[in-house]
Amino acid sequence: MPITLVDPTVSASATDLRPARRPLGRGHTVAALVRNGKPNSDVILRGVFEQLSKRLNHPVEAVEFTKESASRVLSEEMTGLIARRCHFALVGVGD
């Protein structure tokens with residue numbers, strides 16, 4: 001009986017990714033704070049956001065999001081909303 005070997009690897013497709021053009025200036029800056037649903041992720045995110053806000057030397061608005069579960073990826077709807085509305089995102093973990 002012959003043995004058939006199968007190569008489970010696939011080659012990566014080339015993707016041209018570029019960051020969105022959202023310069024951080026003295027204007028209105030919006031940050032997405034994405035909690036992963038674990039305990040204390042909100043505390044960690046708030047602390048990082050506050051320190052970052054101080055370094056930017058201008059007002060930064062925080063818009064908070066919560067993932068359904070730490071083991072799930074962000075929904076396309078939530079990712080799209082963050083991409084349209086925010087200049088950058090901070091994603092926090094907890095525990």
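Mentor: Partly exposed describes a residue whose relative accessible area lies between the buried limit, under 20%, and the exposed limit, over 50%. The model discussed here is predicted.

Trainee: Is R85 buried, exposed or partly exposed?

Mentor: Buried requires a value under 20%, and exposed requires one over 50%. The relative accessible area of R85 is 43%, so R85 is partly exposed.

Trainee: Which residue forms a salt bridge with R85?

Mentor: The partner lies in strand β2, whereas R85 belongs to helix α2 (residues 76-85), and the two are 24 residues apart. With 29% relative accessibility, this partner is partly exposed. Its side chain meets that of R85 at 3.5 Å, N to O, and the residue is E61.

Trainee: How many residues apart in sequence are the parts that E64 and R35 tie together?

Mentor: The side chains of E64 and R35 form a salt bridge at 2.5 Å, N to O. E64 sits in strand β2 (residues 60-66) and R35 in strand β1 (residues 29-35), so the pair connects parts whose separation is 29 residues.

Trainee: What is the distance between the closest N and O atoms of R46 and E64?

Mentor: R46 lies in helix α1 (residues 41-56) and E64 in strand β2, 18 residues apart. Both are partly exposed, R46 at 32% relative accessibility and E64 at 39%. Their salt bridge brings the closest N and O atoms to a distance of 2.3 Å.

Trainee: Which residues do salt bridges with shared partners join into one network?

Mentor: E64 pairs with R35, and E64 also pairs with R46. Through these shared partners, the network consists of R35, R46 and E64.

Notes
Residues numbered from 1 in each chain as written. Predicted model: local features only at pLDDT ≥ 70, side-chain atom pairs only at ≥ 80, totals over all residues. Heavy atoms only, no water. Salt bridge = Lys/Arg side-chain N within 4 Å of Asp/Glu carboxyl O. Helix = DSSP H or I, 4+ residues; strand = E, 2+ residues; numbered from the N terminus. Buried < 20%, exposed > 50% of the residue type's maximum accessible area, 1.4 Å probe, protein only.
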